[in-house]
Amino acid sequence: MKQYQLTNLGACCRCHKKLAQTASPMFFTLKVERWMLDIMAVQRQIGLEMQIGPLAGVMGPDEDLAEKIGESKTMMICIECCCRDVVIAALAEGSGWGEQPSPASERTAMNTTPTSTSLAATPLFAFMVDVRKTPSLAAKRRQQVAEWKGLFRIFTHKGPDDWMALSMDECCWKLEGYGLTKEEQTDGVMLMAGYCRLIDEAGLIHYGETEHEACESLVARLTEANDQTQQLGGGK
Ligand SMILES: [Zn+2]
């Protein structure tokens, strides 16, 4: 389904949430049509069947027994509403049954491309633009991690189970008497290669299920220690 087709679907016909606002990316479409039995035609067919039995299907006039009333309507319904009680008639009325600008609109809705101006003016499109502008939680966390890394010279590494994080500044400061090489002072991998066990035993490494979690717990300790001693986070 292309963007203009999604836009044409609009909002959920039950809760009126737009596509990107619903709980799940899955959605259903409902095609609703109203039909009316042609009672006279039905009576003729029944009469014929009573006279000639199953042959009525072959030898009869084969006329339409029901007629479609008005245009059909394709509606979007979100996954949440699909699992709730729905009144089809209310949905059909609520989503603007008979409010199409022209009788042909329903038939062409799924295979025409509206002009770009009408696209931009639709609420769904406007909403999608907003969504793209708003950073996701994951993006915010990545940004936060980058800030912390800059502030405390944090080195992180993804192990088989957890993420680990340590502050290069803190490690250099704590290992001052060990004569760290230039590489060991600037490269986390080199530092870990030489002093992994010492650093871990000193409790300088923090772990977490995510990089953010490991950094967060490290930063919490560093800032706490900094508040108390006014010494850490230093080395600058
Ligand atoms: Zn809904």
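**Burial and overall make-up.** I began with burial in this predicted model, and found that buried residues make up 17% of the 236 residues in the protein. I then went through the secondary structure, which comes to 13 helices and five strands. Looking next at contacts with a separation of 6 or more, I noted that 70% of them join residues 24 or more positions apart.

**The cores.** I looked up where the nonpolar residues gather, with the background in mind that in soluble globular proteins nonpolar side chains tend to be buried together. The largest nonpolar core has 15 residues, and those with the most contacts inside it include Trp 148, Ile 154 and Ala 165, along with Cys 215 and Val 219. Which elements supply at least two residues each to this core? I found α9 (137-152), β4 (163-167) and α13 (211-229), with α13 giving the largest share, five residues. Apart from this core I recorded another, of nine residues, among them Leu 9, Cys 13, Ile 77 and Cys 81.

**Ile 154.** I followed this residue separately, as one of those with the most contacts inside the largest core. Leaving out residues up to four places away in sequence, Ile 154 touches Trp 148 and Lys 149, then Ala 165, Leu 166 and Ser 167, and finally Cys 215 and Leu 218.

**The sheet.** I traced an open sheet of three strands, in the order β3-β4-β5, and the pairing is antiparallel. Why is one side of β3 and of β5 left without a neighbour in the sheet? Both β3 (154-158) and β5 (206-208) stand at the edges and each has a single partner strand, so one side of each has no neighbour there. From one strand to the next I noted a twist that averages 25°. Turning to the antiparallel pair β3 and β4, I found five bridges joining them, and when I looked up Phe 155 I found that its bridge partner in β4 is Leu 166, a residue that is also listed among those with the most contacts inside the largest core.

**Helix α12.** I checked the span of α12 (residues 188-201), which has 14 residues, and its end C-alpha atoms are only 17 Å apart, short of the 20 Å that a straight helix would reach at 1.5 Å a residue. Where in α12 is the kink centred? I located it on Tyr 195, with an angle of about 85°. Past the helix, I noted that α12 is followed by Gly 203, whose phi is positive, near 75°.

Definitions and conventions. Residues are numbered from 1 along each chain as its sequence is written. This is a predicted model: local features need pLDDT of at least 70, side-chain atom pairs count only at pLDDT 80 or more; totals for chains, interfaces and linings use all residues. Helices (H or I, at least four residues) and strands (E, at least two) are DSSP runs, numbered from the N terminus. The expected span of a helix is 1.5 Å times one less than its number of residues. The bend at a residue is the angle between axes fitted to the seven residues ending there and the seven starting there. A residue is buried if 20 or more other C-beta atoms lie within 10 Å of its own, exposed if 12 or fewer, and partly exposed in between; C-beta atoms are placed from the backbone. Two residues are in contact if their C-beta atoms, placed from the backbone, lie within 7 Å. A nonpolar core is a set of buried Ala, Val, Leu, Ile, Met, Phe, Trp, Tyr and Cys residues joined through C-beta atoms within 7 Å. Two strands pair if DSSP finds at least two bridges between them. Axes are lines fitted to C-alpha atoms, for helices over the stretch in contact, and angles run from 0 to 180 degrees between N-to-C directions.
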